[in-house]
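Grab your viewer and work through these exercises with the model open. Each one sets a task and then walks through a solution.

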Amino acid sequence: MYVCICNAVTDSAIRQAVSEGARSLRDLSAQTGCSTQCGRCVHVARDVLDEALSEIGSAHSRVELEIVASS
Ligand code: FES
């Protein structure tokens, strides 16, 4: 789904940016160009960013639990 029409940024591109280190809307804008023109996409971009960050946070927690469980 397109999140930012001005810069043709999709939700997949936002998730990819998070997997490559984006941790804030500023990072996301720098990496993808999202939200750098009209700004109408800011709220949806932030929602997708937060969701992607939450998912990697959960993934990191699972890995930590597995490491603790195996030691
Ligand atoms: S829709 Fe993202 S800057 Fe315009």
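## Warm-up: the overall layout

This is a predicted model. Of the protein's 71 residues, 23% count as buried.

**Exercise 1.** Work out how many helices and strands the protein has, and in which pattern they come along the sequence.

*Solution.*
- Step 1: count the elements. You should get three helices and two strands.
- Step 2: read along the sequence, and the pattern is β-β-α-α-α.
- Step 3: check how far apart in sequence the contact partners are. Among contacts between residues at least 6 apart, 48% join residues at least 24 apart.

## Helix α1 and its partner

**Exercise 2.** Find which residues of helix α1 are buried, and which exposed residues sit on the face turned away from them.

*Solution.*
- Step 1: go through residues 11-19, which make up α1; the buried ones are A13, I14, A17 and V18.
- Step 2: look at how these spread around the axis. Their arc is only 145°, so they lie on the same side of α1.
- Step 3: recall the helix geometry. With 3.6 residues a turn, an α-helix has residues three or four places apart pointing the same way.
- Step 4: flip to the face turned away from the buried side, where you'll find the exposed residues S12 and S19.
- Step 5: step past the end of the helix. G21 follows α1 and has a positive phi, near 120°.

**Exercise 3.** Describe how α1 packs against helix α2, and which residues meet there.

*Solution.*
- Step 1: take the angle and distance between the axes. α1 and α2 (residues 25-32) pack at about 110°, with their axes 10 Å apart.
- Step 2: classify the angle. Since 65 to 115 degrees is the roughly perpendicular range, α1 is roughly perpendicular to α2.
- Step 3: list the residues in the contact. A13, I14 and A17 come from α1, while L28, Q31 and T32 come from α2.
- Step 4: sort them by class, which gives four nonpolar, two polar and no charged residues.

## The core

**Exercise 4.** Say which residues have the most contacts inside the largest nonpolar core, and which element gives the most to this core.

*Solution.*
- Step 1: find the core, which has 14 residues; V3, I14, L28, C34 and A45 have the most contacts inside it.
- Step 2: trace the contributors. β1, α1 and α3 (42-70) each supply at least two residues, and α1 gives the most, with four.
- Step 3: zoom in on A45. Skipping residues up to four places away in sequence, A45 touches V3, C4, I14, L25, L28, C34 and S35.

## Loops worth a click

**Exercise 5.** A8 and S35 both have a positive phi without being glycine. Decide for each: buried or exposed?

*Solution.*
- Step 1: start with A8, in the loop between β1 and β2, where phi is about 50°.
- Step 2: count neighbours. A8 has 12 other C-beta atoms within 10 Å, so A8 is exposed.
- Step 3: move to S35, in the loop between α2 and α3, with phi near 65°.
- Step 4: count again. S35 has 24 other C-beta atoms within 10 Å, so S35 is buried.

**Exercise 6.** Place C6 and find its contacts beyond four places in sequence.

*Solution.*
- Step 1: look in the loop between β1 (2-4) and β2 (9-10), where C6 sits.
- Step 2: C6 has 15 C-beta neighbours inside 10 Å, so C6 counts as partly exposed.
- Step 3: leave out neighbours within four places; the contacts of C6 are then Q37 and C38.
- Step 4: get the C-alpha separation. C6 and C38 are 32 residues apart along the chain, with their C-alpha atoms 7.3 Å apart.

Definitions and conventions:
Residues numbered from 1 in each chain as written. Predicted model: local features only at pLDDT ≥ 70, side-chain atom pairs only at ≥ 80, totals over all residues. Buried ≥ 20, exposed ≤ 12 C-beta atoms within 10 Å, placed from the backbone. Arc of directions from axis to C-beta. Axes fitted to C-alpha atoms, helices over the stretch in contact; angles between N-to-C directions. Parallel < 35°, antiparallel > 145°, perpendicular 65-115°, else oblique. Contact = placed C-beta atoms within 7 Å. Nonpolar A, V, L, I, M, F, W, Y, C, P; charged D, E, K, R; others polar. Core = buried A, V, L, I, M, F, W, Y, C linked by C-beta atoms within 7 Å.
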